[in-house]
Amino acid sequence: DPAPSSSWHPDRRWADPLITLLALITLVAVSFTLRTRQEGSRRPSGRTSLPGQMLEVLLAGPRQLGGPPASPREWDRARAQLTDPWDRAMLAVLMAELGDRAEARELAREGTPAGIAGARFRAAFTAAYGDNGEASVPDAPAREDVKRRLGNGYTAALLEARLQDREDAGAGEALRARASTLLLTRLAALGGLGLLVLVLAVGALTVALYLWTT
């Protein structure tokens, strides 16, 4: 017969200090990670966030499918939900396209990002949706930076289409068509994700009821 296996018992004189050291290293790493995440959540991001992009789809998607215009209550709720400067910049463009343009200009002046990137956005927004339409159109690198920070999505494409129309009337129609297709794709993906979550929730509830009854 093979020899019976025996468990290993390390010497407590070196095992206990080693375990204590590893526990302290783990606690330091966890506290550093949590502090970094808290600081990152308080610091404004350099582009639109995922919640902002999801809200963009929820606001613009139904209107693209022929739904009723967004009500003032929906815009107020969106302004309350979006606190990041670039999310609010995206909301200002969307409001200028689908809502009250005067309120959108106010939001673009007050709630949008600071720094060079914010100045580029305000210049592009003024050129696209300004009162007099006499503001100069920003150059291509500045507009590409603004598009990237707006998430390269539906709202960014609408802003760029307006600027293209300023340069050449009707030049932005092709970009608007591509933006509509992108928006519908994202809306379908978001709807599919919601349906998947619902199916998983129903399946989990069914399994829980089965286990409880048996």
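# Exercises on an all-helix chain

Glu110 is exposed, with a relative accessible area of 59%, where exposed stands for over 50%, buried for under 20% and partly exposed for the range in between, computed with a 1.4 Å probe and protein chains only. The model is predicted, so that local features need pLDDT of at least 70 and side-chain atom pairs count only at pLDDT 80 or more, while totals for chains, interfaces and linings use all residues. Residues are numbered from 1 along each chain as its sequence is written, and side-chain values use heavy atoms, with hydrogens and water left out.

## Exercise 1: the chain as a whole

Determine how many helices and strands the protein chain has, and set its radius of gyration against that of a compact globule.

*Solution.*
1. Taking helices as DSSP runs of H or I with at least four residues, and strands as E runs of at least two, numbered from the N terminus, one finds nine helices and zero strands.
2. In sequence order the pattern is therefore α-α-α-α-α-α-α-α-α.
3. The radius of gyration, taken over C-alpha atoms, is compared with a globule rule of 2.2 Å times the number of residues to the power 0.38; for 214 residues a compact globule would have a value near 17 Å, but the protein chain has 26 Å.
4. Along the principal axes, the C-alpha atoms fill a box of roughly 90 × 50 × 35 Å.
5. Buried residues make up 32% of the 214 residues, and of the roughly 13,600 Å² that the chain exposes, carbon and sulfur atoms supply 62%, with areas from the Shrake-Rupley method and a 1.4 Å probe.

## Exercise 2: the nonpolar core

Identify the residues that touch the most other members of the largest nonpolar core, and find the helix that gives the most to this core.

*Solution.*
1. A nonpolar core is a set of buried Ala, Val, Leu, Ile, Met, Phe, Trp, Tyr and Cys residues joined through side-chain atoms within 4.5 Å.
2. The largest such core holds 39 residues, of which Leu91, Phe121, Phe125, Leu150 and Leu159 touch the most other members.
3. The elements giving two or more residues to this core include helix H2 (50-64), helix H6 (115-129) and helix H9 (173-213), and H4 gives the most, with nine residues.
4. Contact means heavy atoms within 4.5 Å; setting aside neighbours within four places in sequence, the contacts of Phe125 include Ala92, Val93, Ala96, Arg105 and Leu159.

## Exercise 3: Glu160 and Asn152

Decide whether Glu160 is buried or exposed, and locate Asn152 relative to the helices.

*Solution.*
1. Glu160 lies in helix H8 and counts as buried because its relative accessibility is 9%.
2. Not counting residues up to four places away in sequence, Glu160 touches Arg143, Lys147 and Leu175.
3. Asn152 sits in the loop between helix H7 (140-149) and H8, where its phi is positive, at about 50°, although it is not a glycine.
4. With a relative accessible area of 43%, Asn152 is partly exposed.

## Exercise 4: separations in sequence and in space

For Pro51 and Ala189, for Trp14 and Asp76, and for Glu110 and Ser31, state the separation in sequence and in space.

*Solution.*
1. Pro51, in helix H2, counts as exposed because its relative accessibility is 55%; Pro51 and Ala189 are 138 residues apart in sequence and 15 Å apart in space, C-alpha to C-alpha.
2. Trp14, in helix H1 (residues 12-42), is partly exposed with a relative accessible area of 43%; Trp14 and Asp76 are 62 residues apart in sequence and 62 Å apart in space, C-alpha to C-alpha.
3. Glu110 is found in helix H5, and the C-alpha atoms of Glu110 and Ser31, which are 79 residues apart along the chain, are separated by 36 Å.
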